[in-house]
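Colleague: Got a minute? I'd like to go through this model with you, one side chain at a time if need be.

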Amino acid sequence: MNQSDLNRHSISDEEVLFMFKGMFRDLAPIQIPLSIIVLIQNTVIFMDYYQDRAKFVSGLFMGIALFDILKAQGEIVLSVTSLLAYAGYVEIDILYKSLYYYMMTALPGINCSKLCNLVMTITLTIKVVNPFRR
């Protein structure tokens, strides 16, 4: 493929911008209600396990809840900003900043939640199996 073929099949900056704004906007009606439910549910979970926070498993449940809250608020910020950017109420640089905010909060929240789930699974499996008992 030569340079003239690339120019003929490439899309303009406006089309890329329109697709970028629309990509997040299409998911926003699903993400916002789900994220609000996740926020409420994990707040209740955190408050419930806070009483036994000295126990290891309760601490893991609280960690999972906090990391899920972190992810949900990142999803809400990105979804609301994408709706506002698509409607023209905010500039596209605000959407870029919210995407950066999402990557700095929600993505680590996802990975830390997975890590806490893994540690809790291993801990509970060892506790049930108890391989060190004779």
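**Salt bridges first**

Modeller: Let's begin with Lys71, which counts as partly exposed at 27% relative accessibility. Bear in mind that this is a predicted model.

Colleague: Okay, which side chain does Lys71 meet in a salt bridge?

Modeller: Glu75. Their side chains meet at 3.0 Å, N to O. Both sit in helix α3, four residues apart, so about one helical turn separates Lys71 and Glu75.

Colleague: And is Glu75 buried or exposed?

Modeller: Buried, with a relative accessible area of 6%. Lys71, on the other hand, is partly exposed.

Colleague: How many salt bridges does the structure hold?

Modeller: Two. Besides Lys71 and Glu75, there's one between the side chains of Arg25 and Asp26, at 2.6 Å from N to O. Arg25 is partly exposed at 27% relative accessibility, and Asp26 is partly exposed too, with a relative accessible area of 49%.

Colleague: Which ring does Arg25 lie over?

Modeller: The ring of Tyr86. Arg25 lies over its face, 3.9 Å from the ring centre. So Arg25 turns up twice here: in a salt bridge with Asp26, and over the face of Tyr86.

Colleague: What about Arg53, which ring is that one over?

Modeller: Arg53 lies over the face of Tyr50, at 4.2 Å from the ring centre.

Colleague: Let's switch to the aromatics, then. How many aromatic pairs does the count come to?

Modeller: Two. One is Phe46 with Tyr50, and that pair is tilted: 5.9 Å centre to centre, with 35° between the planes.

Colleague: Where do Phe46 and Tyr50 lie?

Modeller: Both are in helix α2, which covers residues 13–50, and they're four residues apart, about one turn of the helix. Phe46 counts as partly exposed at 22% relative accessibility. Tyr50 is also partly exposed, at 38%.

Colleague: And the other pair, which residues form the stacked one?

Modeller: Tyr49 and Phe61. They're 4.6 Å apart, centre to centre, with 15° between the planes. Tyr49 lies in helix α2 and Phe61 in helix α3 (residues 56–87), so the pair ties together parts that are 12 residues apart in sequence.

Colleague: Are those two rings buried or exposed?

Modeller: In between: Tyr49 counts as partly exposed at 25% relative accessibility, and Phe61 is partly exposed with a relative accessible area of 25%.

Colleague: Changing topic: cysteines. How many disulfides does the structure hold?

Modeller: Zero.

Colleague: Why is there no bond between Cys112 and Cys116?

Modeller: Because the sulfur of Cys112 is 6.9 Å from the closest cysteine sulfur, the one in Cys116, and that's too far for a bond. Cys112 is partly exposed at 28% relative accessibility, whereas Cys116 is buried, with a relative accessible area of 13%.

Colleague: Fair enough. Can we zoom out? How many helices and strands does the protein have?

Modeller: Four helices and zero strands. Reading from the N terminus, the elements run α-α-α-α.

Colleague: Which residues make up the largest nonpolar core?

Modeller: Seven of them: Phe24, Leu78, Ala85, Leu95, Leu99, Tyr102 and Ala106. The elements that give two or more residues to this core are α3 and α4, the latter spanning 92–129. Helix α4 gives the most, with four residues.

Colleague: And how much of the protein is buried?

Modeller: Buried residues make up 26% of the 134 residues.

Colleague: Last thing: what does the pLDDT average, and which elements score lowest and highest?

Modeller: The protein averages a pLDDT of 83, and 81% of the residues score at least 70. Among the elements, helix α1 (residues 3–9) has the lowest mean pLDDT, at 55, and α3 has the highest, at 90.

Colleague: What should I do with the coordinates where pLDDT is low?

Modeller: Where pLDDT is low, the predicted coordinates should not be read in detail. Keep that in mind when you look at helix α1, with its mean pLDDT of 55.

How values were computed
Residues are numbered from 1 along each chain as its sequence is written. This is a predicted model: local features need pLDDT of at least 70, side-chain atom pairs count only at pLDDT 80 or more; totals for chains, interfaces and linings use all residues. Side-chain values use heavy atoms; hydrogens and water are left out. Rings of Phe, Tyr and Trp (its six-membered ring) pair if their centres lie within 6.5 Å; planes under 30 degrees apart count as stacked, over 60 as edge-to-face and the rest as tilted. Buried means under 20% relative accessible area, exposed over 50%, partly exposed in between (1.4 Å probe, protein chains only). A charge sits over a ring if NZ of Lys or CZ of Arg is within 6 Å of the ring centre and within 35 degrees of the ring normal. A salt bridge is a side-chain nitrogen of Lys or Arg within 4 Å of a carboxyl oxygen of Asp or Glu. A disulfide is a pair of cysteine sulfur atoms within 2.5 Å. pLDDT is the predictor's confidence in each residue, from 0 to 100. A nonpolar core is a set of buried Ala, Val, Leu, Ile, Met, Phe, Trp, Tyr and Cys residues joined through side-chain atoms within 4.5 Å.
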